Amino acid sequence: MHSKALDEANRQLAICNACRYCEGFCASFQAMTRYRSFDAENIIHMANLCHNCQACFHSCQYTCPHEFDLNLPKVLADVRVESWEDHVPGSVVARIIQSNAWMLVLLTCLAAILFGVVGNIPWVSSETFYALISHERLVLVFTPLFLGPLVVLGLGLYRYWGTVGGVRLRWSHWSTAFRAAGTMKNLDGGVGQGCNYENDDRYSKLRKWAHHATMYGFLLCFASTSVATIMHYGFGLEAPYSLFSLPKLLGVTGGVLLTLGTTKLLYLKMRSDPKLGVSDRRSGEYGFVLILWLVSTSGLFLYWLGGTAFAGAMLNIHLASIAAFFVTLPYTKMAHGFFRLAALMREAQLTKA
Amino acid sequence: MTIEIPKIEPQKELISIGTGSIAYDVIVVGGGNAALCAAIRAAEIGAKVLLLERARRSYRGGNSRHTRNFRCMHYSPKGVLTDQYFEEEFFEDLLKVTHGNTDESLARLTIRASEECYDWMQTQGVYFQDSLSGTLSLSRTNAFFLGGGKALVNAYYNRLEDLGVDVHYQATVLDVVVEERRFDGVLVDIRGEQSYIRGRSIVLASGGFEADKEWLARAWGDAAKNFLIRGTPYNTGEVLRNLLDQGADQVGDPTQCHAVAIDGRAPEFDGGIVTRVDCVPFSVVLNKHGQRFYDEGEDVWPKRYAIWGRLVAAQPDQVGYAIIDQKSHDLFMPTVFTATKAETLDELAIKLGLPVDASIQTIEAFNAACQAGDFHPTELDGLSTQGLQPAKTNWARPLDTPPFYGYELRPGVTFTYLGFKVDGDARVSFSNERASNVWAAGEIMAGSILGEGYLAGFGMTIGTVFGRIAGKEAAEYALESAR
């Protein structure tokens, strides 16, 4: 494996490894100290451990205008995104979507039109959810939309696992990785002071909390849908559910969290320094957060406007954004969650070996 | 990119002693650790403070940017510091490196105050981390800053902002006006605009003169042009010179600087920590004529790296070449530049630009003098050469396993010793009489305590302790005199 980003990361890491002042910040640096020299395998591994907290940049004695010109958050972001694109089948698609946020918007519009025209969901209607689209039809449409991309992503992860030299997973690798991801350990700055990101060289915990809201919000929404599916098929309990039912409690809480989290993430991203982020893929990052925001916000509106004339339109937008989100899942920043978990598992293997 | 430091012609006519409004209670000259501690302390007490940093914002912080820890006394485990480190042991460590060239009362004052510095620094937004990998030997004595010295500097500048201190970058102090041991104001160039700013008191914390090679050359001759400066190019000592010329009392050997052997390919300035080359104890070091000149294995590297700057500086063209073979390749910290590598010693000598015959002869003689025995890289193993001059008294193993690796070594200057003589209040004196309102902190006065040698992390301790003292004293004086 060879690329400009990998070469540049190699140059920078050799300097970092002779300094090591940033060792306490995160797992990427702790991994670095295990190596004397760097290659694609360990650089890609470190890149996927990196959360772009940018603390190492602000602490660095060797940033521009110093001739060493270190910018590890950026070069690791470049390697990281490149590693998702390279490992997932259909790299070209990934590259296009990651560098063009409007592709996601276009896809959503397209899906909305399809739902409207082919799926026959009227734009103006006050009918309830399942009166507009039958449950069977929903399942028929979304099962392949969901499973297909997951298979593609799984293939990508399988290849990635080979690249970073992963071995057979044990329970402890899973639990260590999930704990680190669940607490965003590598975004706490090392001693809990938070990260630099939106506020220059001051530490802040906002990004971590916004990410928590987003991630747990998303998981709650996912749980809501899963519970509803089980209730539907397992117990013959069909929607609509009351507010105090499990699917609604999970879904509404998750939706609110997801909307708040993504809104905050978008705001923080706008305040962050593009020079410390990924090259040429910033648009894709915005696009990804935006589509997540649209999924949850349209869901909440759908619930709120149920029974009004806007229900049809809201349902259309909601389903379309979910469809666009799922179809592009292996090719958007959504990939980061899965590759991050893989990297954390690999790191658990390497530290416990 | 090299930093251009323009010579600025002072517009002396702007100076108006005793007239015009007094804009600040305390003016702090400098922007590194000591200056920042002084400014924070003064502002906390309620003084109106101005800090003048010569560097641009991205290079702010002087040599503190390159530091990583401070040495701290403690009687029980404290934060990241393990075990205990008493005043007596601390002071003995200082005596060892300075050969007694210290002021005991100032030294003890510094050591005693270091403990409370730890807590104070934390309240200012500094975070500590466990000893870095490869520095376990320091985990008891030195507290490492999370992210290193630049992170500490950032925290302090943020604190200044919160306290409402005025900070000017690219502010070069051209003249510190002192009359009858009383400070009146500073003539300063701020981004090309000169002005005279009056203050009630001043703290001088603008470092040493190690970046002024002409000044170094006065002591070292032409050899100084081959020196590399490990820290900031802004430490050219103008403020120090300015006050010494006005009769401020001085301390420390005016000709000496602290230098270590670093990678010869390091940048001329600001190479910092990464340019170190830690392979010397496992190597054979030749000069440009292919001759050995000192016992490479005299002691463990943390105790010897500091003398190698001088050793190399004394060699022709101020250059040395450390040569190792494959056996030793992974025994020391990774280097920033990759070693020159060759399959044979002849080839390596050619690549390094060494005379082949002489070099090979030296190495063969060295190899022949090596004895069988157990090699222990982390302790004095007594594996010594026999009948060789100079001997290598530890870790002497023949260079016989290709590939061979070579590093060019040059003297890297860390800091200078010449500075102001101060008392326990950090007050500067003129002809042995205390100035009314002039204080000093950091490298600019460290020579009082660190007369020679160096103790890891002690510069930051002196800077923090005396920065805090100077800031407090200067602020209290200013607030008192304003009444």
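**Figure 1. The turn that follows helix α2 of chain B.** Directly after α2(B), B:His99 adopts a positive phi of about 50 degrees, in a model that is predicted. B:His99 has this positive phi although it is not a glycine, and its place is in the loop between α2 and α3 (104–123) of chain B. Because 10 C-beta neighbours lie inside 10 Å, and 12 or fewer is the limit for this class, B:His99 counts as exposed. The helix that comes before, α2 (residues 87–98) of chain B, has 12 residues that should span 16 Å at 1.5 Å a residue, and its end C-alpha atoms are indeed 16 Å apart, which agrees.

**Figure 2. A second positive phi, at B:Glu180.** B:Glu180, again not a glycine, has a positive phi of about 50 degrees. The residue is found in the loop between β7 (171–179) and β8 (182–190) of chain B, where B:Glu180 is exposed, with 8 other C-beta atoms within 10 Å. As background to these views, most residues other than glycine have a negative phi, and most peptide bonds are trans.

**Figure 3. Two cis peptide bonds between α9 and β16 of chain B.** B:Gln389 and B:Pro390 are joined by a cis peptide bond, for which omega is about -15 degrees, and B:Pro390 lies in the loop between α9 (356–369) and β16 (404–416) of chain B. A cis bond also leads from B:Pro402 to B:Pro403, with omega near -5 degrees, and B:Pro403 likewise lies in the loop between α9 and β16 of chain B.

**Figure 4. Helix α4 of chain B and its surroundings.** The 15 residues of α4 (residues 149–163) of chain B should span 21 Å at 1.5 Å a residue, and the end C-alpha atoms are 21 Å apart, which agrees. This helix is mostly covered, since 11 of its 15 residues are buried, including B:Ala151, B:Leu152, B:Tyr156 and B:Leu160. The buried residues of α4(B) pack against α4 of chain A, and also against α1 (33–45), β2 (49–52), β5 (142–145) and β6 (166–168) of chain B. After the helix comes B:Gly164, which has a positive phi, near 75 degrees.

**Figure 5. The largest nonpolar core.** This core has 148 residues, of which B:Val28, B:Ala38, B:Ala39, B:Val203, B:Leu204 and B:Ala440 touch the most other members. Helix α10 (residues 458–482) of chain B gives the most to this core, with 11 residues. Domain 1 (12–254 + 417–482) and domain 2 (259–412) of chain B both contribute residues, so the core lies between them. Around B:Ala39, and leaving aside neighbours within four places in sequence, the contacts are B:Val28, B:Val49, B:Leu51, B:Leu160, B:Val165 and B:Gly471. Separate from this is a second core of 102 residues, among them A:Leu49, A:Leu76, A:Ala111 and A:Ala112.

**Figure 6. The two domains of chain B.** The domain assignment divides chain B into domain 1 (12–254 + 417–482) and domain 2 (259–412), and the centres of these domains, taken over C-alpha atoms, are separated by 36 Å. Their contact takes 16 residues from domain 1 and 19 residues from domain 2, and the side of domain 1 that touches domain 2 divides into 7 nonpolar, 7 polar and 2 charged residues.

**Figure 7. A long-range pairing at B:Val251.** B:Val251 has its place in strand β11 (residues 250–251) of chain B. Although B:Val251 and B:Gly419 are 168 residues apart in sequence, their C-alpha atoms are 5.4 Å apart in space. Residues up to four places away in sequence not being counted, B:Val251 touches B:Gly419, B:Lys421, B:Gly447 and B:Ser448. With 19 other C-beta atoms within 10 Å, where 20 or more would make a residue buried, B:Val251 is partly exposed.

**Figure 8. Where chain A meets chain B.** Here 26 residues of chain A are in contact with 27 residues of chain B. The elements giving two or more residues to the side of chain A that touches chain B are α1 (4–17) and α4 (55–58) of chain A, and α1(A) gives the most, with 3 residues. By class, this side of chain A has 11 nonpolar, 9 polar and 6 charged residues.

Conventions
Residues numbered from 1 in each chain as written. Chains lettered and ligands numbered in written order. Predicted model: local features only at pLDDT ≥ 70, side-chain atom pairs only at ≥ 80, totals over all residues. Core = buried A, V, L, I, M, F, W, Y, C linked by C-beta atoms within 7 Å. Helix = DSSP H or I, 4+ residues; strand = E, 2+ residues; numbered from the N terminus. Domains from an automatic or database assignment. Contact = placed C-beta atoms within 7 Å. Nonpolar A, V, L, I, M, F, W, Y, C, P; charged D, E, K, R; others polar. Expected span 1.5 Å × (residues − 1).
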